[in-house]
Each structure stands twice: as structure tokens, then as C-alpha cells.
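This report introduces a protein structure to a reader who has not met it before. Please look over the sequence and the structure before reading on.

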Amino acid sequence: MKFSTRKVAIVGTGLVGASAGYSLINQNICDELLLIDINHERAVGEAMDLQHCIDFTTSRTKVAVGSFEDCTDMDIVIITAGGPPKPGQTRLDTLELSAKIAKSVVQEVMKSGFNGIFLVASNPVDIITYQVWKESGLPRNQVLGTGTSLDSSRLKSILSQYIDVDPRSIHGYTLGEHGDSQFAAWSHLTIGGKPFMQILEEQKETLGNIDLDEIIDQVRKAGFEILHRKGTTYYGIGCALASIVHSIFNDDHKILAVSSILDGEYGYKNIATGVPVILTRQGVKEVVELNLTDDEKVKFDQSNEVLRKYMATIGY
Ligand code: NAD
């Protein structure tokens with residue numbers, strides 16, 4: 001008889017890693033959860049705390065503390081090692097430290113013989129995702145980052161306050177960098193299947209005062225609005241990570257905006273950026289190419305230019 005288990009390792013058990021672990025076990029998404037951190041005692045503390053949740057959940061996830069060698073038979077390794085931006089910094093300002101950490105993490109994980117999927121949350125997530133792909137030598141479908149998944153969710157959440165529709169009935173994405181240069185693909189945003197731009201046109205009287213630039217600005221700034229109040233953000237990204245892992249294990253073929261390595265899609269190669277992809281047991285099955293408007297294409301190019309500029313500082 002053949003049993004299959006769903007094994008996930010989290011490298012970096014700070015606030016983001018712990019929140020991802022909490023979401024994973026609460027939603028019964030994996031059978032084994034391995035925690036790795038250079039601060040070993042922190043990982044032990046988080047593992048104990050998570051183990052004590054099991055009696056109250058519907059799953060019996062085995063939570064353990066491990067080392068990089070234990071990644072050998074993991075299905076997914078989530079990288080959340082790194083530190084959040086300090087006040088006054090952008091995500092891009094954390095590149096030097098994150099890149100140094102990611103390089104050593106990937107080398108150690110690959111030494112174990114790992115051949116699963118890397119899922120990156122460490123910022124700047126698009127550049128670190130690209131770096132993980134290059135350093136690991138894995139096929140591009142096996143490396144992805146959270147990208148604009150959280151921003152797309154923030155967009156739906158903010159928009160739902162204006163139009164009073166459940167965010168889950170809104171379909172659409174922000175694309176490009178998980179950072180200040182991201183943009184909303186308004187031309188592809190639908191509500192209950194109806195194009196949002198058409199709804200705006202039809203309901204000028206009630207929705208005429210919606211300022212799209214103001215909404216995307218709120219999305220861009222959301223992380224920092226939280227950071228100014230509580231120091232950093234972790235629940236949203238924890239849920240985004242759990243949702244991506246869930247889609248991979250379930251072979252969902254769900255479409256989510258994540259950071260994916262492009263190989264000709266949207267006219268780009270050798271870059272990881274926020275685009276919609278189809279998620280399956282293989283990771284990224286396909287990048288979904290939206291037919292962007294000219295204005296959106298310009299914004300996508302500008303965002304990729306920002307990423308390229310920072311990629312160059314670490315030799316890509
Ligand atoms: P944190 O400081 O709370 O935790 C980071 C953890 O990484 C620490 O426990 C530290 O000991 C560990 N670590 C550092 N180097 C390591 C190494 N070489 N090997 C193993 N562990 C190592 O930080 P956080 O708030 O959890 O944020 C983590 C990362 O997630 C940051 O880069 C942050 O910007 C990013 N983040 C991303 C998003 C997103 O949408 N992608 C959202 C929030 C935070």
C-alpha cells in the first residue's frame with residue numbers, strides 16, 4: 001500500500017514563518033512541518049507552540065525542528081528568512097541582507113538532495129525568487145515567490161469596501177514588483193464575471209467618485225500602514241503562503257498572482273515578477289499572459305526596470 005505525505009519545511013521561523021506554520025496546521029494543509037532557523041531556540045519554541053494547537057485542529061500535522069539535511073525529502077521549502085524593512089526603508093533596501101541569507105540557505109538545502117518546490121516570501125521577493133532559481137539550478141516551475149498574491153488580496157479587500165461585494169467575488173490582480181512599482185491590471189478585473197470598467201461606466205452616479213489611482217496607492221502602501229502601527233506584517237502573508245501550498249498539494253490548477261520566472265511571457269526572460277500563474281502539483285504549470293492595455297504594458301515595463309536595476313546590484 002502506498003501512502004503519500006505532504007511535507008513542508010519553513011526556513012526562518014520569525015513572524016512570517018510562524019504565521020505561515022500556524023495557517024498551514026489550522027487548515028490541515030500538510031502532514032509534516034519542519035522548522036529551521038539559525039536561532040535554533042526560536043524554532044524550538046515555535047514548534048512547541050504549534051504542536052500544542054493540534055488538539056484543537058482537524059489535523060495531526062507532525063511539527064518538528066530540523067536542519068537543512070532534513071530537506072532531502074521535503075515537497076516544499078518555504079523561505080522566510082530575513083528581516084522586515086526598518087522604518088524609512090523600502091523592501092528593496094533589504095536586498096543585500098536577504099540575498100546573502102538566501103544564497104546560503106539554497107546552497108544548504110540543495111546539498112541535501114532536495115528536488116521539490118521552493119516558495120519564497122523573503123523580500124524583495126521577486127529578486128530573491130530569481131536568485132533562488134539561479135542558485136538552485138531547479139526548473140523554473142519549481143521556484144516561485146509570493147509576489148503580488150498578498151497585494152492582489154489587498155486590492156480586493158479595499159475594493160470591496162467601495163462596492164460592497166465579497167472580496168472573493170472579485171477577480172483581478174496587481175502585477176509586477178511586490179513593491180512600490182506594482183500596478184493594478186484594471187482592464188482584467190471582474191466582479192461576478194462583469195468587467196469592473198464596465199460597471200464603473202454603467203454606475204457613474206454611485207461609483208463615479210472612485211479614484212483608481214487612490215485605490216492602488218492604498219494597496220502599495222498597505223504593508224507600510226501596518227508596519228507603522230505594529231512594526232511589521234505577518235498574518236496576511238502567512239495566509240498567502242498557506243493558500244499557495246494548498247493549491248500545489250491539491251493540484252488545484254488555481255490561478256493566483258505570484259512571482260514567477262518568465263521565459264518569454266510578456267516579452268520578458270530572466271526575471272521573476274508578479275504575474276498570474278496556474279498552480280499544480282508541479283508548482284507553476286503555466287504563466288497566464290493577460291492582454292494588457294498599452295498603459296498597463298508601460299507600467300509593467302517600468303516595474304521590471306526597477307527590478308532589473310536592483311538585480312544588477314547582486315550580479316544578475
Ligand atoms: P523576522 O525577523 O521576524 O524573522 C526572520 C527569521 O529568519 C529570524 O527568526 C532569523 O533568525 C531567521 N534567519 C535569518 N537568517 C537565517 C538563515 N540563514 N537561516 C535560517 N534562518 C534565518 O522577520 P519576518 O517579519 O518574519 O520577515 C521575514 C521576511 O519576510 C522578510 O524578508 C520580510 O520582508 C518578508 N515579508 C514578506 C512579505 C511578502 O509579501 N512577501 C510580507 C511580510 C514580510
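How much area do domain 1 and domain 2 bury between them, and what share of it is on carbon and sulfur atoms? In this predicted model, the buried area is about 3,500 Å², and carbon and sulfur atoms account for 70% of it.

## Two domains

The protein is divided into domain 1, covering residues 7-145, and domain 2, covering residues 149-312. Between the C-alpha centres of the two domains the distance is 23 Å. Domain 1 contributes 38 residues to the contact, and domain 2 contributes 44 residues.

## The side of domain 1 that touches domain 2

Three residues of domain 1, Arg91, Asp126 and Arg140, lose the most area to domain 2. Together they make up 21% of what the domain 1 side buries.

There are 9 residue pairs in polar contact between domain 1 and domain 2, counting pairs with both residues at pLDDT 80 or more. Several elements of domain 1 give two or more residues to this side. The strands are S1 (7-11), S4 (76-79), S5 (117-120) and S6 (143-145), and the helices are H1 (15-26) and H4 (125-136). By residue class, the side of domain 1 that touches domain 2 holds 22 nonpolar, 11 polar and 5 charged residues.

## Salt bridges

Side chains of opposite charge can pair when their charged atoms come close. The whole structure contains 14 salt bridges, and the count between domain 1 and domain 2 is 2. Arg140, already named for the area it loses to domain 2, forms a salt bridge with Glu265. The closest N and O atoms of Arg140 and Glu265 are 2.8 Å apart.

Another salt bridge joins the side chains of Arg42 and Glu46, at 3.6 Å from N to O. Arg42 and Glu46 are separated by about one helical turn because they stand 4 residues apart in helix H2 (residues 40-51).

## Around the ligand

Which residues come nearest to the ligand, of the 26 around it? They are Val16, Asp37, Gly82, Ala121 and Asn123.

Both backbone and side-chain atoms take part in the polar approaches to the ligand. A polar backbone atom of Val16 is 2.8 Å from an oxygen atom of the ligand. In the case of Asp37, an N or O atom of the side chain is 2.5 Å from a ligand oxygen atom. Thr146 places a polar side-chain atom 3.1 Å from a nitrogen atom of the ligand.

Notes. Residues are numbered from 1 along each chain as its sequence is written. Side-chain values use heavy atoms; hydrogens and water are left out. Domain bounds come from an automatic or database domain assignment. Contact means heavy atoms within 4.5 Å. Buried area is the accessible area (1.4 Å probe) that two parts lose on being put together, summed over both. A salt bridge is a side-chain nitrogen of Lys or Arg within 4 Å of a carboxyl oxygen of Asp or Glu. A polar contact is a pair of N or O atoms within 3.5 Å; within protein, one must be able to donate a hydrogen and the other to accept it, and residues adjacent in sequence count only if both atoms are side-chain atoms. Ala, Val, Leu, Ile, Met, Phe, Trp, Tyr, Cys and Pro count as nonpolar, Asp, Glu, Lys and Arg as charged, and the others, Gly among them, as polar. A residue is near a molecule or strand if one of its heavy atoms lies within 4 Å of it.
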